[in-house]
Amino acid sequence: MQILLTFDVEIWCAHWDRIEHQFPAAFDRYVNGGSAAGEFALPKTLEILGRHHLHGIFFVECLFAARFGIDYLRRIVELIQGAGHEVQLHLHTEWTDEIVPSPVPAIPGKRQHLRQYSLEDQTRLIALGIELQQAAGAARPIAFRAGNMAANSDTFRALHVNGIRIDSSIDATVRDSASDIRQQADVYRPSYIDNVASYPIGVFRDGWGRERHAQVGACAVEELFQAIKSADRLGWRQFVLLSHNFEMLQRRGHHPDRFVVRRFERLALFLERNATRYPCVRVSELSAPRSIGTGSLPRASHAAVWRRTAEQALRTAFYSMATVTITVLEAVSMPETVSLFPALSVV
Ligand SMILES: [Zn+2]
């Protein structure tokens, strides 16, 4: 069974009305994520992949470059391609109304989802994304993922018009994903939609019977192991894993989230040890979607879901306590204690 080890790469500012001021620091956090402990955004991700001889597919958001310049995007492309991985196309249309002149006819305000745009506008935005990525030194993208997974039927038509024949936007656990084609399309397994090969984000049933997507930052690593093995037993030919450039960082600041770092290290080791059975493939190596029926979803165990719950509780408690401790220490003017934080490792 082929594994698509995918990363969505994107940059966010805290306030849209202050992006001019905030973007340079946001770029540094989301791309480098540097702290005294190391650079835990893209550099650490690439280092772990390299150490375990794994191939990563990076869906890089590029509309931001129409606002802040191609040089920023080029730095991301160089980092990823320089480490031997591939860059594919990701669009977050939250950026559309920040671009001057507007790439689409005037819109009344911020539109979060690609599906909120007409076929014509989606076609324009995807064409702009392709142009920006190529200008930044990437090869012409052959695969696409919509921001927030919010593709609709027009997205597949727009991809076809732009010559992109592979999509990995659909996420059955996200309400805005493929909302207008859920009755006709298989939102769980690879299939063709308007002559575009669709490889949805991997979804499994957790120990409580709930659908969960296979995201590194949101699952216990045991759940991911079990979901992969279960999908293989069910005859799936591909399984898509999801992560982001910022998942190894704590929610605020540049410090690493040691729980997620540990999880990603364990997943990478698992994939390396099982590279023959579950190879992490390039987009160009994907075998074509083939119907395997509409049977049950991959499953993970009760033990794994309890593990996730316990880990998340521990993580919340640990970082809440660490934040309070640091705040108190800073408040009593002991600046040297700040450097203690990266050493509070639970790996
Ligand atoms: Zn995204």
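**Strand E5 and its surroundings**

In this predicted model, strand E5, helix H5 (residues 119–135) and strand E6 form a right-handed β-α-β unit. The two strands of that unit also pair directly: E5 and E6, the latter spanning residues 143–146, run in the parallel sense and share three bridges. Within this pairing, Leu91 lies opposite Ala146 of E6.

E5 has a further partner in strand E4 (residues 57–61), with which E5 pairs in the parallel sense over five bridges. Here Phe59 stands opposite Gln88 of E5.

How is E5, at residues 86–91, placed with respect to the rest of the structure? Six of its six residues are buried, so the strand is largely enclosed by the rest of the structure. Both faces are covered: one side presents Glu86, Gln88 and His90, the other Val87, Leu89 and Leu91, and all of these residues are buried.

A second site of interest is Ser177, located in the loop between strand E7 (166–167) and strand E8 (191–193). Ser177 counts as buried because 24 C-beta neighbours lie inside 10 Å, the cut-off being 20 or more. Beyond its neighbours within four places in sequence, Ser177 is in contact with Met149, Ala150, Ala151, Ser169, Ile170 and Asp171. His244 is 67 residues from Ser177 in sequence, and the C-alpha atoms of the two are 18 Å apart in space.

Finally, the confidence of the model should be considered. The mean pLDDT of the protein is 91, and 92% of its residues reach 70 or more. Over residues 334–347, however, pLDDT stays under 50; for this segment the model has 20 contacts beyond four places in sequence.

Key
Residues are numbered from 1 along each chain as its sequence is written. This is a predicted model: local features need pLDDT of at least 70, side-chain atom pairs count only at pLDDT 80 or more; totals for chains, interfaces and linings use all residues. pLDDT is the predictor's confidence in each residue, from 0 to 100. Two residues are in contact if their C-beta atoms, placed from the backbone, lie within 7 Å. A residue is buried if 20 or more other C-beta atoms lie within 10 Å of its own, exposed if 12 or fewer, and partly exposed in between; C-beta atoms are placed from the backbone. Helices (H or I, at least four residues) and strands (E, at least two) are DSSP runs, numbered from the N terminus. Two strands pair if DSSP finds at least two bridges between them. A crossover is right-handed if, with the strands pointing away from the viewer, the path from the first strand over the helix to the second runs clockwise.
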